[in-house]
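Dear colleague,

I am handing over a structure that you have not worked with before, and I would be glad if you could look through it before reading my notes below.

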Amino acid sequence: IFHFSLSLSLQLVPLIGFISVGLGSAILYLLRLALYSPDISWDRKNNPEPWNKLSPTDQYKFLVVSTDYKNLKKDRPSF
């Protein structure tokens, strides 16, 4: 039987906190990808190809460094 002292368990509190924050942020990011990504289609009946309804000015990336989506022009045909 292992016996942890009180000082050892208090030293583990920051570690458990950082691991919890990391896991929580990873889960939130995966949920964001699953719900808002145009590559994923949850409703195959009403919208089987959601990527075709995006306009060139829609920003769907999480972080964009140098692209300004407001000034883009449409360079592909409409279907």
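Is W42 buried or exposed? Please keep in mind, while you look for the answer, that this is a predicted model. W42 is exposed, because its relative accessible area is 66%, and exposed here means over 50%. W42 is found in the segment after α1, and, leaving aside residues up to four places away in sequence, W42 touches A34 and L35.

W42 also belongs to a nonpolar surface patch of about 850 Å², which is made by I27, L28, L31, L35, Y36, I40 and W42. L35 therefore appears both among the residues that W42 touches and in the patch, where exposed W42 is also a member. Another member of the patch, I27, is found in helix α1, which covers residues 6–36.

As for the chain as a whole, there are one helix and zero strands. The UniProt record, an unreviewed entry, places the feature "transmembrane region" at residues 12–35, and in the model this span is 100% helix and 0% strand, with its end C-alpha atoms lying 34 Å apart.

Buried residues make up 8% of the 79 residues in the chain, and the accessible surface of the chain comes to about 7,600 Å², of which 64% belongs to carbon and sulfur atoms. If one takes the contacts between residues at least 6 apart in sequence, 12% of them join residues at least 24 apart.

With best wishes

Key. Residues are numbered from 1 along each chain as its sequence is written. This is a predicted model: local features need pLDDT of at least 70, side-chain atom pairs count only at pLDDT 80 or more; totals for chains, interfaces and linings use all residues. Side-chain values use heavy atoms; hydrogens and water are left out. Patches are made of residues with over 30% relative accessible area and no salt bridge: like charges are joined within 9 Å, nonpolar side chains (Val, Leu, Ile, Met, Phe, Trp, Tyr) within 5 Å. Accessible areas come from the Shrake-Rupley method with a 1.4 Å probe; for residues, only the protein chains shown count as cover. A salt bridge is a side-chain nitrogen of Lys or Arg within 4 Å of a carboxyl oxygen of Asp or Glu. Helices (H or I, at least four residues) and strands (E, at least two) are DSSP runs, numbered from the N terminus. UniProt positions are given in the numbering used here, feature names are shortened, and annotations may be inferred rather than shown by experiment. Buried means under 20% relative accessible area, exposed over 50%, partly exposed in between (1.4 Å probe, protein chains only). Contact means heavy atoms within 4.5 Å.
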